[in-house]
Amino acid sequence: MSQNSADKVDQTSTTKKTISLPVSRVRLIMKSSPDVSSINQDALFLTTKATELFVQHLALSSFNNGSGKESNTLSYSDLAHTAEETETFHFLTDILPKKILARDYLKSLEEMQEEDADF
Amino acid sequence: MAERPEDLNLPNAVITRIIKEALPDGVNVSKEARRAISQAASVFVLYATSCANNFAMKAKRKTLNAGDVLAAMEEMEFERFMEPLKEALEVYKKGQKGKKEVSEQKRKDKEKKADSENDKSREEEEEEEEERMEEEPEAENEAEEEEEEVEN
């Protein structure tokens, strides 16, 4: 925190209650995209706010559609399920893959190889 | 710039708090689920940035602006975020304007009185001013949460 300029401190106190995620980190993630050259303050604020809404939306829909409602838990499989079943969350399927047992995977691998052998 | 991969993660404590705020009281969120949501959030930022950047490029602009981000939300089919985002932006802009006025006032005050005793009372005034400005965004957040619950 020591490297924070006075300007940055100013900015955090203004946005204290509207957004809770650090804008500096969000800017870093945005800038890691190779095509992006610059981002104005409003765009950065909106992306940060949108990310918070997204986190809430993802958590709530996964919980509501998930299996852990009785036990009052939100688990990984609920999230993976949401990513697969909900259109708007489809872009997450790569980072939220459904977990399968190794023996099921080996079985499907074997089946695929057999199919290949058929040709 | 991001030097380590961890630099692209969002802070766990904040993510956990946001999740807790969204879910009913007493829901347990597994560590794995929290990590997954955090990663999903980073991917969301990248996806939104890339969409927004496409809009900026189409318009031959180099700087991403608020309109690009809102257009990206629409393209990503997160229209449900549009209204809360627009409202939050209003509050944010007001806050920034207020901040400017405060610093303007501070500058004027400084010109008027230079002795240290007045310095103290000025600090107190500033604190009050800050508190007053923060009330608004808070009310905004509450309204949003209510909306969210009704929708679902």
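1. Starting with chain B: its secondary structure comes to 5 helices and 2 strands. Reading from the N terminus, the order is α-β-α-β-α-α-α. Keep in mind throughout that this is a predicted model.

2. On burial and packing in chain B, 37% of its 152 residues are buried. If you take the contacts in chain B with a separation of 6 or more, 43% of them are between residues 24 or more positions apart.

3. As for the surface of chain B, about 9,800 Å² is exposed. Carbon and sulfur atoms account for 46% of that area.

4. Over in chain A, have a look at helix α4, which spans residues 76-85. Its buried residues are Tyr76(A), Asp78(A), Leu79(A), Ala80(A), Thr82(A) and Ala83(A). What sits over them? The cover includes α3 (41-65) and β2 (73-74) from chain A, and also α2 (31-58) from chain B. So both chains are worth having on screen when you inspect this helix, because the cover on α4(A) includes elements of chain A and chain B.

5. There is also a charged spot on the surface to check: Glu110(A), Glu111(A), Glu114(A), Glu115(A) and Asp116(A) gather there in a patch of negative charge. One of these, Glu111(A), belongs to helix α5 of chain A, residues 102-118. Is Glu111(A) buried, exposed or partly exposed? Its relative accessibility is 42%, so Glu111(A) counts as partly exposed, given that the partly exposed class lies between under 20% (buried) and over 50% (exposed).

Conventions. Residues numbered from 1 in each chain as written. Chains lettered and ligands numbered in written order. Predicted model: local features only at pLDDT ≥ 70, side-chain atom pairs only at ≥ 80, totals over all residues. Heavy atoms only, no water. Helix = DSSP H or I, 4+ residues; strand = E, 2+ residues; numbered from the N terminus. Buried < 20%, exposed > 50% of the residue type's maximum accessible area, 1.4 Å probe, protein only. Contact = heavy atoms within 4.5 Å. Areas by Shrake-Rupley, 256 points an atom, 1.4 Å probe, with all protein chains shown as cover. Patch = residues over 30% accessible without salt bridge, like charges linked within 9 Å, V, L, I, M, F, W, Y side chains within 5 Å. Salt bridge = Lys/Arg side-chain N within 4 Å of Asp/Glu carboxyl O. Lys, Arg positive; Asp, Glu negative; His and termini not counted. Charge placed at Lys NZ, Arg CZ, Asp CG, Glu CD.
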